[in-house]
Amino acid sequence: SLAVGMCVDDGLIGLDDRISRFFSGWHAAFTKDLLLGIRDELPRGIKNAFRRSGMSHLLVVSGMHLTIMIGCLEEVIQRKSRSLRKKSRETLILIAVTVAYMALVGFGSSVMRAGIMLIVCLLIRRLFAHTDPIENLGAAIVIVLLLDPSAICDGGFLMSVLSTAFIIFFKNL
């Protein structure tokens, strides 16, 4: 609780400083907002532009950010590892980064749901030779609901499930 909060704060401050070293001006503020949820540095004009375009939801740290980050990291790691043993290590790295990111952004409900679903899918993919994306989604839904039964009433959770299901069903059209 307090210790976790301190670690999260220290982590945010460290990443905040690193982002400021690589980017300047609104680019740094945008990157901090997008990756870390630090909203108070982004200029009002940019916030308003996102609102007017109907895309302000992209600035809220969510499961989308986690999924994109882990997907990119997985692609980089997969290019390096070929053996089954390395793939198991890859899965552990991806799970560790997932949990670390969830902690870093404060365990928000959308990030928690996405993180749990992502971890479930990573584990299923490593434990079973044949996996079906819709079965993976079903298993992730069951685990999320076991951990948080109130998620069934959460519009964000339902939208995530529906959008993922649509992507799975229509990916080959």
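Which residues of the largest nonpolar core touch the most other members? Keep that in mind as you open this predicted model.

Start with the whole protein chain in cartoon view. You should find eight helices and zero strands. Of the 173 residues, 32% count as buried. The accessible surface comes to about 11,100 Å², and 67% of that belongs to carbon and sulfur atoms.

Now select Met-117, Val-120, Leu-137, Ile-141, Val-144, Phe-157 and Val-161 and show their side chains: these are the answer to the opening question, in a core of 13 residues. Colour α6 (109–127), α7 (133–147) and α8 (155–170) as well, since these are the elements that give two or more residues to this core. Another core, of twelve residues, lies apart from it; Met-102, Val-111, Ile-119 and Leu-122 are among its members.

Next, centre on Leu-137. Leaving aside residues up to four places away in sequence, Leu-137 touches Met-117, Val-161, Thr-164, Ala-165 and Ile-168.

Finish with the rings; the whole structure holds two aromatic pairs. For one of them, select Trp-26 and Phe-30, which meet edge-to-face at 6.3 Å centre to centre with 65° between the planes. Both lie in helix α2 (residues 25–36), four residues apart, about one turn of the helix. Trp-26 is partly exposed at 43% relative accessible area, and Phe-30 is partly exposed at 22%.

Then move to Phe-166 and Phe-170, a stacked pair with 5.7 Å centre to centre and 10° between the planes. They sit four residues apart in helix α8, about one helical turn. Phe-166 is partly exposed at 48% relative accessibility, and Phe-170 is partly exposed at 45% relative accessible area.

Key:
Residues are numbered from 1 along each chain as its sequence is written. This is a predicted model: local features need pLDDT of at least 70, side-chain atom pairs count only at pLDDT 80 or more; totals for chains, interfaces and linings use all residues. Side-chain values use heavy atoms; hydrogens and water are left out. Buried means under 20% relative accessible area, exposed over 50%, partly exposed in between (1.4 Å probe, protein chains only). Accessible areas come from the Shrake-Rupley method with a 1.4 Å probe; for residues, only the protein chains shown count as cover. A nonpolar core is a set of buried Ala, Val, Leu, Ile, Met, Phe, Trp, Tyr and Cys residues joined through side-chain atoms within 4.5 Å. Contact means heavy atoms within 4.5 Å. Rings of Phe, Tyr and Trp (its six-membered ring) pair if their centres lie within 6.5 Å; planes under 30 degrees apart count as stacked, over 60 as edge-to-face and the rest as tilted.
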